[in-house]
Amino acid sequence: MRTIVAGNWKMNTDRVSAAALIDALVKESASFGAEVEVIIAPPFPFLGMAVEKCAGTTIRVAAQNCHEAEKGAYTGEVSATMLRSIGVQACIAGHSERRQYFSESDARIGEKVAALLALGLTPIFCCGEKKEERESGRHFDVVTEQMKGALGRFSNAELERVIIAYEPVWAIGTGLTASNEQAQEMHAHIRALLHTHGASVADHVPILYGGSCNPSNAEGLFAQTDVNGGLIGGASLVAEHFLELVRIASDSKASRP
Ligand code: PEP
């Protein structure tokens, strides 16, 4: 199973700080072990620069969102076709901030995943429950619904090209992290859902943890059987922290049977 550390920069950085952050990662990229895949998702205006700077390294560049249509009268939107044309290889779909602030439904997120898959881009599909949903014990049902609602339509071959990120909404940007046990039990649940499509899907799809993951809590999280790395927000904006997370993921992968 692949191990992945992906950085979601959200709406942060400017041209100068984005360039500096990418340069700091590129400088260290030769030391990234082959056992960990590193992905960065800068804001749209800096994607071209990121692709150019990361060329010749193992760092892959992702977008944070895309529109599901190929082109057309959707002012302000960016299509997967455009992303592919500049060398972007992956794209986050269904981040909880998109669900919350831009009312993205599971069906719409599924359309985005379909657009990405059709073009050979890797969707990083996000799911996760809100605080009240966990408190009322509905977290497994919520994640099941999100998975089925957005990914239910895809063939096994398509599903095998998806990366899943479990991101409990109450842990995103809050400093609250799922415990190792909470993360593992939800990742195992997601793995079991994937298994209903066949062992090959369950064996191929990496499930990343996201939600206030940082160098001080990553070791325990990344060591969980069904945690295959992390989707990192805040800590991905500080090169040393992100690089430390890559190292922790590498060590954790190396120590697995
Ligand atoms: C995210 O937004 O995907 C995320 C995990 O954020 P943070 O690490 O800041 O909680």
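These legends go with several close-up views of a predicted model.

**View 1. The largest pocket and the residues at its heart.** Start with the space itself: the largest pocket holds about 390 Å³. Its lining is made up of 17 residues. If you would like to find the centre of this pocket, look for Lys10, Met11, Gln64, Asn65 and Arg98, which lie nearest to it.

**View 2. What lines the largest pocket.** Which helix gives the largest share of the lining? It is helix α4, spanning residues 96-101, which contributes 3 residues. Sorted by class, the lining has 8 nonpolar residues, along with 5 polar and 4 charged ones.

**View 3. The ligand and the residues around it.** Now turn to the ligand, which has 14 residues around it. Those that come nearest are Lys10, His95, Glu167, Gly173 and Ser212. In this shell, 8 residues are polar, 4 are nonpolar and 2 are charged. Lys10 is a residue to look for twice, as it is also among those nearest the centre of the largest pocket.

**View 4. Polar partners of the ligand's oxygen atoms.** Glu167 takes part through its side chain, where an N or O atom is 2.7 Å from an oxygen atom of the ligand. Ser212 uses its backbone instead: an N or O atom there lies 2.7 Å from a ligand oxygen. Gly234 also offers a backbone N or O atom, at 2.8 Å from an oxygen atom of the ligand. How much of the ligand does the protein bury? On its own the ligand exposes 290 Å², and the protein buries 96% of that.

Notes: Residues are numbered from 1 along each chain as its sequence is written. This is a predicted model: local features need pLDDT of at least 70, side-chain atom pairs count only at pLDDT 80 or more; totals for chains, interfaces and linings use all residues. Side-chain values use heavy atoms; hydrogens and water are left out. On a 1 Å grid over the protein atoms alone, a cavity is a set of points where a 1.4 Å probe fits but cannot get out, and a pocket is an open set with protein on both sides within 12 Å along at least five of seven lines; lining residues have an atom within 4 Å of a point. Grid points are joined across faces, edges and corners, and a volume is the space filled by probe spheres set on the points. Helices (H or I, at least four residues) and strands (E, at least two) are DSSP runs, numbered from the N terminus. Ala, Val, Leu, Ile, Met, Phe, Trp, Tyr, Cys and Pro count as nonpolar, Asp, Glu, Lys and Arg as charged, and the others, Gly among them, as polar. A residue is near a molecule or strand if one of its heavy atoms lies within 4 Å of it. A polar contact is a pair of N or O atoms within 3.5 Å; within protein, one must be able to donate a hydrogen and the other to accept it, and residues adjacent in sequence count only if both atoms are side-chain atoms. Accessible areas come from the Shrake-Rupley method with a 1.4 Å probe; for residues, only the protein chains shown count as cover.
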